[in-house]
Amino acid sequence: MFRFGHTEYLYLLYLLPIIIGLYWYILRKNKKQLNDFADKSLHNTIMPKLSYKKSIFKFSVYALAFVLAILSLASPQIGARLAEVKQTGIDVFILLDVSKSMLAEDIRPSRMEKAKFEIARLIQKLRGDRIGLIIFSGQAYVQFPLTTDYSAANLFLNAVDESSVPQQGTAIAASLTMALNSFKEDAKTEKAIIVISDGEDHEGDIETAIDDANKKNVKIYTIGLGSITGAPIPVYGPNGSQSDYKRDKEGNIVITKLDETMLEKLADKGNGKYFRGSNTEDELELIYNELAKIEKTEFGTTKIVDYEDRYYFLLIPALLLLLIEGFITGSKSKFFERLFRKE
């Protein structure tokens, strides 16, 4: 199998047509200037050693060296052998509140965007741990199950917004139960749940969910997003611009406040910790540091291809071509006259 280890460098190949176009423009301009200066029949007399074909050959050597150098920079690799690697880590389900109250902007840019940013940062830090995401409002849904495919996890995370769950509410108990049922029972990995919410208007039997978590030895961490004083909930129009704030039946602006009591209780009884969200600190990173202390457990094996770098197969010819190009003069020579026949 063949691949490039750093495909981002291949975009430099887009410079090649620009370089060729620029060279062709300069060559035509020089020819025009020479033709304007003297008749074509006098060119060999005035400049007997001038050779456009040799100049084109020199440029072609340089362009080829440029291409080989970029391909070398992209780190071409060849799959040498197939190997089995043990997968070790822990299982983590993140429970994200996507109710309308999470649009409040007492945490910048908003409670929900701050949560999504921290989750994305956590995904970047994971090495072998399986992560899953459950979103909840009035109901709970699995956004993506436990996975080590962090790229796919980021894609599903980006798609989350306040409209992901149509029914409003804060079904924390239902999301906890769903997470506990979504863990693989036969997996011997250590397990943890991270709840990110403002804790407001929670629904369901949380006590039963906590008892189930304790029986299954699943730790529960919570992050409270919002302020005690509260903030209004912005309402956005079809064009994405804010049109108003959410109002009650009497027309008063609704203020959503952080309910820490329930979140603290949940973390305390769930053998985890509670963190209050802020504009400056990454609370999920603090939790990850806690999770890093948990002993990693083997949960399977995966087959991977062991690749070996072969960049020097392209780098050495590129350097040789540049060396050869440096020794080629722009003057006519008998070799090139024979090679290209008569100019």
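**Entry 1: Y221 and its surroundings**

I looked up Y221 first and found that it touches A192, I193, I194, V195, G272, K273, F275, I287, E290 and L291, not counting residues up to four places away in sequence, where contact means heavy atoms within 4.5 Å. This is a predicted model, in which local features need pLDDT of at least 70 and side-chain atom pairs count only at pLDDT 80 or more, while totals for chains, interfaces and linings use all residues. Residues are numbered from 1 along each chain as its sequence is written, and side-chain values use heavy atoms, with hydrogens and water left out.

I noted that Y221 is found in strand 7, and that at 3% relative accessibility Y221 counts as buried (buried means under 20% relative accessible area, exposed over 50%, partly exposed in between, with a 1.4 Å probe and protein chains only). Y221 and A192 are 29 residues apart in sequence, yet I find them 7.6 Å apart in space, C-alpha to C-alpha.

**Entry 2: strand 7 and its sheet**

I then asked how many of the residues of strand 7 are buried. Six of the seven are, so strand 7 is largely enclosed by the rest of the structure. For naming, I keep to DSSP runs numbered from the N terminus, with helices as H or I of at least four residues and strands as E of at least two.

Strand 7 belongs to an open sheet of six strands, in the order 5-4-3-6-7-12, with mixed pairing; two strands pair if DSSP finds at least two bridges between them. Strand 5 (140-147) and strand 12 (274-276) stand at the edges with a single partner strand each, so one side of each is left without a neighbour in the sheet. Neighbouring strands of this sheet are turned by 15° against each other on average, direction ignored; the axes are lines fitted to C-alpha atoms, for helices over the stretch in contact, and angles run from 0 to 180 degrees between N-to-C directions.

On one side I traced seven bridges joining strand 6 to strand 7, which run parallel, and A192 has K219 as its bridge partner in strand 7. Strand 7 (residues 218-224) is also joined to strand 12 by three bridges, and these two run parallel; here G224 has R276 as its bridge partner. Helix 8 (residues 260-269) lies across strand 6 (191-197), strand 7 and strand 12, and runs at about 160° to strand 7.

**Entry 3: backbone details**

I next checked the backbone for unusual angles. N217, in the loop between helix 7 (206-215) and strand 7, has a phi near 60°, a positive value in a residue other than glycine, and at 52% relative accessibility N217 counts as exposed. S75 has a positive phi of about 60° although it is not a glycine; S75 lies in the loop between helix 3 (52-73) and strand 2 (76-89), and at 9% relative accessibility S75 counts as buried.

I also recorded a cis peptide bond between R108 and P109, with omega about -5°, and placed P109 in the loop between strand 3 (91-97) and helix 4 (111-125).

**Entry 4: the chain as a whole**

I closed with the totals, which give eleven helices and 13 strands in the chain. Buried residues make up 40% of its 343 residues. Among contacts between residues at least 6 apart in sequence, 80% join residues at least 24 apart.
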